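Subject: Handover of a structure and notes on it

Dear colleague,

Please find the structure below, followed by an account of what was found in it. I would be grateful if you could read the two side by side.

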Amino acid sequence: MSLLEKNILELSSMLKKKEISSVELTKTFLDRISKTNGQLNSFLKVDEQKAISEAAVADKNLNNASHPLMGIPVAIKDNILTKDIRSSGGSKMLENFVPTFDATVVAKLKNAGAVIIGKTNCDEFAMGSSNENSAYGPCKNPWDITRVPGGSSGGSAAAVAARQAPVSLGSDTGGSIRQPAALCGIVGMKPTYGRVSRFGVMAFASSLDQVGPFGKTVEDTSILFDTISGFDDRDSTSVNQETIGVSTEYLKKDIKGLRIGVPKEYVNEKLAPEIRKNFDESLKRLESLGAIIEHISLPHTDYAISCYYIVAPAEASSNLARYDGIRYTLRKGEDKGLDQIYIQSRTAGFGKEVQRRILLGTFVLSSGYYDAYYKKALDVRNAIRKDFSDAFKKVDVIATPTSPCEAFKIGEKAANPMEMYLADVFTVATPLSGNPALSVPCGFSNNLPLGLQLIGKHFDEKTILNVAHQFEQDTKFYQKAPAL
Amino acid sequence: MSKITENDIIKIAKLAKLSIDSNDLAKRVSEFNDILTHIEKLNTLSLDSSTGAVETPKLGMFEDTPRPSNTIEEVLKNAPSSEKPFFYIPRVIEGGKS
């Protein structure tokens with residue numbers, strides 16, 4: 001088996017036994033990136049010398065007790081700050097921005113000895129569901145380069161699917177890890193709100209944003225998740241909870257008797273037939289593994305998209321006020337006074353979708369509209385949260401499709417923002433409620449991968465990872481890779 | 001809700017420190033109204049006081065302990081224009097000698 005196909009524990013074992021070095025491993029992935037990035041545009045920045053030098057340090061430190069990520073390359077979404085490596089967030093606004101510090105998640109990876117192999121493409125400031133809103137051109141889906149990889153963490157998902165990196169980090173505000181994981185045929189998880197520090201992550205919607213892992217397998221995803229999670233007093237929303245631990249033994253537990261809820265608002269006649277068929281087959285597999293399928297209701301599901309597209313733009317309009325052309329961004333209008341620096345820098349630096357969301361957010365927060373939109377959305381958000389809280393009194397896990405469709409063609413939805421927003425229909429509710437959720441490969445439609453979404457109780461990522469692992473080992477969809 | 005007009009968009013853009021190309025204005029208005037039509041679905045929902053009663057996670061209180069932060073050199077490193085230890089911007093107060 002090629003090194004590119006191996007999982008983290010296999011690679012770690014080889015590194016510890018000195019069968020390969022981290023430098024050799026890193027060069028193997030760098031070579032893969034160099035051969036395939038022209039087709040995929042999944043990486044925006046790769047600093048080969050820096051990666052090789054980090055790998056050389058890992059080689060010196062490796063021993064039998066080393067963390068499983070020591071010496072392993074990890075790709076990082078470009079909205080996560082990496083010291084001395086340009087971090088643009090997919091925006092022209094930060095085209096020349098080179099951070100002077102690492103995000104906490106990156107610092108944790110470096111402490112574990114991981115090698116930062118590069119920065120991955122994404123929708124500008126994580127706003128999008130297709131990666132077409134990147135200022136540096138769209139990332140392509142490795143299964144079919146005429147299609148989108150999903151978004152906003154499209155580059156991170158495509159990189160793992162295309163074997164350019166063993167694992168990667170993304171961020172999820174409305175589905176930006178799970179939807180691209182589904183569309184690229186890999187595993188991706190949005191952890192519980194508060195589980196992973198956002199210090200050093202470009203803020204989009206702070207009450208929703210969460211950093212999370214991508215991997216080819218659930219086990220890889222679990223290892224990466226454990227490494228980046230934990231309390232950080234530099235993120236005021238960080239919750240002091242014990243991490244799940246680096247051991248993945250818990251994944252082997254069977255799921256007999258586990259209650260899996262299927263919400264009628266997600267799985268009904270509106271679902272596309274091929275998605276429905278695949279989902280029903282996935283449920284049968286879970287039943288065959290001993291899980292008990294129960295039909296449940298999440299009554300406010302139909303309002304989740306509307307709620308999300310008020311709350312997220314409102315917070316974005318506030319968060320993105322920091323991009324002012326003064327301190328660390330693109331500057332335009334220098335000779336026309338301060339106000340014109342703000343206006344011209346922001347107009348030139350932000351792409352259309354980011355501007356659209358800033359305008360929408362400014363509108364819903366403005367005097368005369370605040371109560372009708374923003375306050376109402378907060379009430380609905382609480383109702384959605386209560387839906388999940390009530391449902392989890394009856395079941396242990398909730399299952400839904402991750403995406404209403406397989407990967408769509410580049411340009412197919414780009415002209416209609418509302419149609420693009422509806423691509424998030426199955427993923428927006430959990431950031432609103434704070435619950436953890438992941439996507440695990442569950443088959444193919446028209447030779448394109450599909451994802452099964454598993455939603456868990458707050459801080460109970462272990463259960464959804466356990467179910468996903470059992471499902472994955474039974475179905476083995478993870479063994480199929482795109483022919484790139 | 002009433003439909004958003006071109007003048008409304010111009011006003012919102014002004015508040016958000018953005019400038020809208022006049023050739024783009026009609027399209028922006030149309031997209032904006034499409035989105036509003038969808039999100040106004042929330043107004044068809046009536047919530048009683050018990051609907052939102054749910055426990056939210058409790059955030060901890062942190063000690064406010066001083067610790068080293070970025071140096072001035074680091075803070076100014078990405079500035080488009082600076083003169084240590086300041087960011088450089090055009091004059092904002094009228095009058096006086098330049």
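Helices (H or I, at least four residues) and strands (E, at least two) are DSSP runs, numbered from the N terminus. The model is a predicted one, in which local features need pLDDT of at least 70 and side-chain atom pairs count only at pLDDT 80 or more, while totals for chains, interfaces and linings use all residues. Residues are numbered from 1 along each chain as its sequence is written, chains are lettered from A and ligands numbered from 1 in the order in which they are written, and side-chain values use heavy atoms, with hydrogens and water left out.

Confidence and chain B

The predictor assigns the complex an ipTM of 0.92 and a pTM of 0.97. For chain B, the mean pLDDT (the predictor's confidence in each residue, from 0 to 100) is 86, and 84% of the residues reach 70 or more. Where pLDDT is low, the predicted coordinates should not be read in detail. Chain B has 3 helices and 2 strands, in the order α-α-α-β-β from the N terminus. Among these elements, helix 1 (residues 6-15) of chain B has the highest mean pLDDT, 97, and strand 1 (residues 82-83) of chain B the lowest, 94.

Of the 98 residues of chain B, 28% count as buried; buried means under 20% relative accessible area, exposed over 50%, and partly exposed in between (1.4 Å probe, protein chains only). B:Ile89 lies in the segment after strand 2 (86-87) of chain B and is partly exposed, because its relative accessible area is 30%. Together, B:Ile89, B:Val92 and B:Ile93 make a nonpolar surface patch of about 260 Å². Patches are made of residues with over 30% relative accessible area and no salt bridge, with like charges joined within 9 Å and nonpolar side chains (Val, Leu, Ile, Met, Phe, Trp, Tyr) within 5 Å. A salt bridge is a side-chain nitrogen of Lys or Arg within 4 Å of a carboxyl oxygen of Asp or Glu, and accessible areas come from the Shrake-Rupley method with a 1.4 Å probe, only the protein chains shown counting as cover for residues.

Helix 7 of chain A

In helix 7 (residues 218-228) of chain A, 11 of the 11 residues are buried, including A:Phe225 and A:Asp226. Just after this helix, A:Gly230 takes a positive phi of about 125°.

Aromatic rings

Over all chains, the whole structure holds 16 aromatic pairs; rings of Phe, Tyr and Trp (its six-membered ring) pair if their centres lie within 6.5 Å, and planes under 30 degrees apart count as stacked, over 60 as edge-to-face and the rest as tilted. The rings of A:Tyr309 and A:Tyr421 are stacked, because their centres are 3.9 Å apart and their planes at 10°. This pair links distant parts of the chain, A:Tyr309 being in helix 9 (residues 304-319) of chain A and A:Tyr421 in helix 13 (residues 417-421) of chain A, 112 residues apart. Both A:Tyr309 and A:Tyr421 are buried.

The rings of A:Tyr323 and A:Tyr328 have centres 6.2 Å apart and planes at 85°, so this pair is edge-to-face. A:Tyr323 is buried at a relative accessible area of 4%, whereas A:Tyr328 is partly exposed at 23%. Ring pairs join both residues with A:Phe97, A:Phe125 and A:Phe350 into a cluster.

The charged end of B:Lys41 sits over the ring of A:Tyr303, 5.9 Å from its centre; the criterion is NZ of Lys or CZ of Arg within 6 Å of the ring centre and within 35 degrees of the ring normal.

Yours sincerely
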